Amino acid sequence: MQYGHTDSCMLNMSAVMSLVLNNGVKPKGALGWGAGMECGPKTGDPRGFKTFEEFFNAFKVQLAYAIKESHAHMIVGEKIRSEEHFKPVYTLLTKGAIEKGLDVEKAGPP
């Protein structure tokens, strides 16, 4: 279920590549949460890849995982926002919300 937002998410492609080069593990010493931990699927040691296609397939696996995880996190964020952050001005300006007597998040499409 979506909660009415058209948010977007930016993926760090360098981080995705780093996961390819480290078999799904965020390198120790990297900034932020998860350094030294498995943060993506195991895609193999890139030194063992024989062709570019093997390398590129590992990249696609890591990218697909990052997209799936990002989408799941966006849905959680949208749910929290819809339940905890009301939009009185947006509600006033959205056709149908006032007539229904609901916040724009609950009113649905006009």
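Reader: What makes the residues of the lining of the largest pocket count as nonpolar, polar or charged?

Author: Residue type decides it: Ala, Val, Leu, Ile, Met, Phe, Trp, Tyr, Cys and Pro count as nonpolar, Asp, Glu, Lys and Arg as charged, and the others, Gly among them, as polar. Sorted in this way, the lining of the largest pocket has ten nonpolar, four polar and two charged residues. Please keep in mind that this is a predicted model, where local features need pLDDT of at least 70, side-chain atom pairs count only at pLDDT 80 or more, and totals for chains, interfaces and linings use all residues. Residues are numbered from 1 along each chain as its sequence is written, and side-chain values use heavy atoms, with hydrogens and water left out.

Reader: What volume does the largest pocket have, and which residues are the closest to its centre?

Author: Its volume is about 530 Å³. Ala15, Leu19, Lys26, Cys39 and Ala66 are the closest to the centre, out of 16 lining residues. A pocket is an open set of points on a 1 Å grid over the protein atoms alone, where a 1.4 Å probe fits, with protein on both sides within 12 Å along at least five of seven lines; lining residues have an atom within 4 Å of a point. The volume is the space filled by probe spheres set on the points, which are joined across faces, edges and corners.

Reader: Which helix gives the most to the lining of the largest pocket?

Author: That is H2, with five residues. Helix H1 (13–21) and helix H2 (52–84) each supply at least two. A helix here is a DSSP run (H or I, at least four residues), numbered from the N terminus.

Reader: Why is glycine 24 called buried or exposed?

Author: Buried means under 20% relative accessible area, exposed over 50%, and partly exposed in between (1.4 Å probe, protein chains only). Glycine 24 has 0% relative accessibility, so it counts as buried. It is found in the loop between H1 and H2, and its C-alpha atom is separated by 4.3 Å from that of glycine 40, 16 residues apart along the chain.

Reader: And why does asparagine 23 have its own label, buried, partly exposed or exposed?

Author: Asparagine 23 is also placed in the loop between H1 and H2. Its relative accessible area is 22%, so it is partly exposed. Its phi is near 55 degrees, a positive value in a residue other than glycine.

Reader: How do you know that the side chains of arginine 47 and aspartate 45 meet in a salt bridge?

Author: A salt bridge is a side-chain nitrogen of Lys or Arg within 4 Å of a carboxyl oxygen of Asp or Glu. For arginine 47 and aspartate 45 the N to O value is 2.8 Å, so the pair fits the rule. Side chains of opposite charge can pair when their charged atoms come close. Arginine 47 counts as exposed because it has 74% relative accessibility, while aspartate 45, at 36%, counts as partly exposed.

Reader: How many salt bridges does the count come to?

Author: Two. Glutamate 38 and lysine 42 also meet in a salt bridge, at 3.5 Å (N to O), and both of these residues are exposed.

Reader: Why is leucine 92 called buried or exposed?

Author: Leucine 92 is in helix H3. Its relative accessible area is 59%, so leucine 92 is exposed.
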